[in-house]
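Reader: I'm new to this one and would like to go through it slowly, so could you take my questions as they come?

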Amino acid sequence: MARPRSSICVSDLIPSMNERMMGRFIIIRRFRCSSRLDTLELILADEKGDRIQASIGLDCLAYDSSRLVEGTWIFIKDFGLVDAVGSVRPTRHAYKILWIPSTFFKRTVVTASVDYFKFVRFEDVLAGLVDPSVCVDLIGVLMCVGNYDEDEGMNSTWEQIYLELENVRGIRIRCRLPKGYATKFFSGLKTCADNIILCVMRFARLELSRGDMRATTLCTCTELLFNPSCDEASRMRLAFASVERKLF
């Protein structure tokens with residue numbers, strides 16, 4: 001009989017035939033991919049901010065999946081672990097949690113001071129030092145927005161949106177958003193009344209375009225945030241506050 005193990009961290013999760021695994025995690029992303037609409041995908045993080053993906057198949061979806069809400073802490077017991085495969089993965093963990101019929105979860109309360117972002121340096125992305133097979137978090141000041149195929153002003157009917165983010169060292173990175181993100185982008189932009197608009201692409205996929213790395217989306221996993229509340233955003237806003245810049 002498998003023996004239970006006390007709650008463990010993401011970094012400790014490895015497959016074992018002799019242990020029933022359990023852990024406490026916060027749901028930081030809930031999404032589906034068009035290629036696997038019968039599967040609900042989650043990105044979970046532990047109290048240290050380490051992340052792991054979780055998949056819930058159709059046979060387990062009916063079990064109270066509506067309670068799996070972003071920002072909620074849950075305790076999970078008796079889950080499986082499988083290899084995290086694919087050309088691009090949301091997290092760098094080698095495995096992902098697999099919901100099985102015996103998996104049990106309940107909401108719990110955890111006091112943690114982590115903001116659950118994993119920002120990377122633009123310089124490292126552009127220099128090819130960041131693994132393009134793992135999604136990244138990017139934060140920068142929104143400097144320009146455009147579309148190479150449209151002459152009219154900004155609107156949510158664009159097939160693609162191109163934007164540039166700039167970090168505190170003046171390095172810019174280009175980002176491409178497909179049409180499915182246009183409404184989210186412009187809706188978020190309308191809420192920004194400040195001259196300094198901080199934009200986060202969370203779980204951004206890196207792609208090579210004309211010899212340069214740029215950021216784009218991974219199905220519906222990628223999240224756009226404007227002027228988020230986190231330590232890095234506060235530091236960046238202070239750095240840009242004394243510099244007058246013209247934004248798109």
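## Rings, a helix and the backbone

Reader: Let's start somewhere specific: is Phe-117 buried or exposed?
Author: Phe-117 counts as buried because its relative accessibility is 14%, and the cut-off for buried is under 20%. Please keep in mind throughout that this is a predicted model.

Reader: What lies over the face of Phe-117?
Author: That is Arg-202, which lies at 4.4 Å from the centre of the Phe-117 ring. A comparable arrangement occurs at Tyr-181, where the charged end of Lys-184 sits over the ring at 4.6 Å from its centre.

Reader: How many aromatic pairs does a search of the whole structure find?
Author: The search finds five aromatic pairs. One of them joins Trp-99 and Phe-105, whose ring centres are 6.1 Å apart and whose planes make an angle of 65°, and that pair is edge-to-face. Phe-117 also has a ring partner, Phe-119: their centres lie 4.9 Å apart and their planes are at 15°, so this pair is stacked.

Reader: And are those rings buried or exposed, starting with Trp-99 and Phe-105?
Author: Trp-99 and Phe-105 are both buried. In the stacked pair, Phe-117 is buried, whereas Phe-119 counts as partly exposed because its relative accessibility is 25%.

Reader: Which residues form an aromatic cluster?
Author: Phe-185, Phe-186 and Phe-226 form one cluster. Phe-185 and Phe-186 are also among the buried residues of helix α3, which spans residues 182-190.

Reader: OK, which other residues of α3 are buried?
Author: Besides those two, the buried residues of α3 are Ala-182, Gly-188 and Leu-189. Together the buried residues cover an arc of only 160° around the axis, so they are on the same side of α3.

Reader: Why would residues three or four places apart point the same way?
Author: An α-helix has 3.6 residues a turn, so residues three or four places apart point the same way.

Reader: What covers the buried residues of α3?
Author: The cover includes four strands, namely β10 (136-146), β11 (160-166), β12 (172-178) and β15 (223-226).

Reader: Switching topic, which residues have a positive phi although they are not glycine?
Author: Phe-203 has a positive phi of about 60°, and Asn-227 has a positive phi of about 50°. Phe-203 is placed in strand β13 (residues 198-209), while Asn-227 is found in the loop between β15 and α4 (231-241).

Reader: Are those two buried or exposed?
Author: Phe-203 is buried, because its relative accessible area is 0%. Asn-227, in contrast, counts as partly exposed, because its relative accessibility is 27%.

Reader: Stepping back, how many helices and strands does the protein have?
Author: The protein has four helices and 15 strands. Of its 248 residues, 50% count as buried, and among the contacts with a separation of 6 or more, residues 24 or more positions apart account for 62%.

Reader: Last thing: which elements have the lowest and the highest mean pLDDT?
Author: Strand β1 (residues 3-4) has the lowest mean pLDDT among the elements, at 44, and helix α2 (residues 122-126) has the highest, at 97. Across the protein the average pLDDT is 86, and 86% of the residues score at least 70. Where pLDDT is low, the predicted coordinates should not be read in detail.

Note on methods: Residues numbered from 1 in each chain as written. Predicted model: local features only at pLDDT ≥ 70, side-chain atom pairs only at ≥ 80, totals over all residues. Heavy atoms only, no water. Phe/Tyr/Trp six-rings, centres within 6.5 Å; stacked < 30°, edge-to-face > 60°. Buried < 20%, exposed > 50% of the residue type's maximum accessible area, 1.4 Å probe, protein only. Lys NZ or Arg CZ within 6 Å of the ring centre and 35° of its normal. Arc of directions from axis to C-beta. Contact = heavy atoms within 4.5 Å. pLDDT = per-residue confidence, 0-100.
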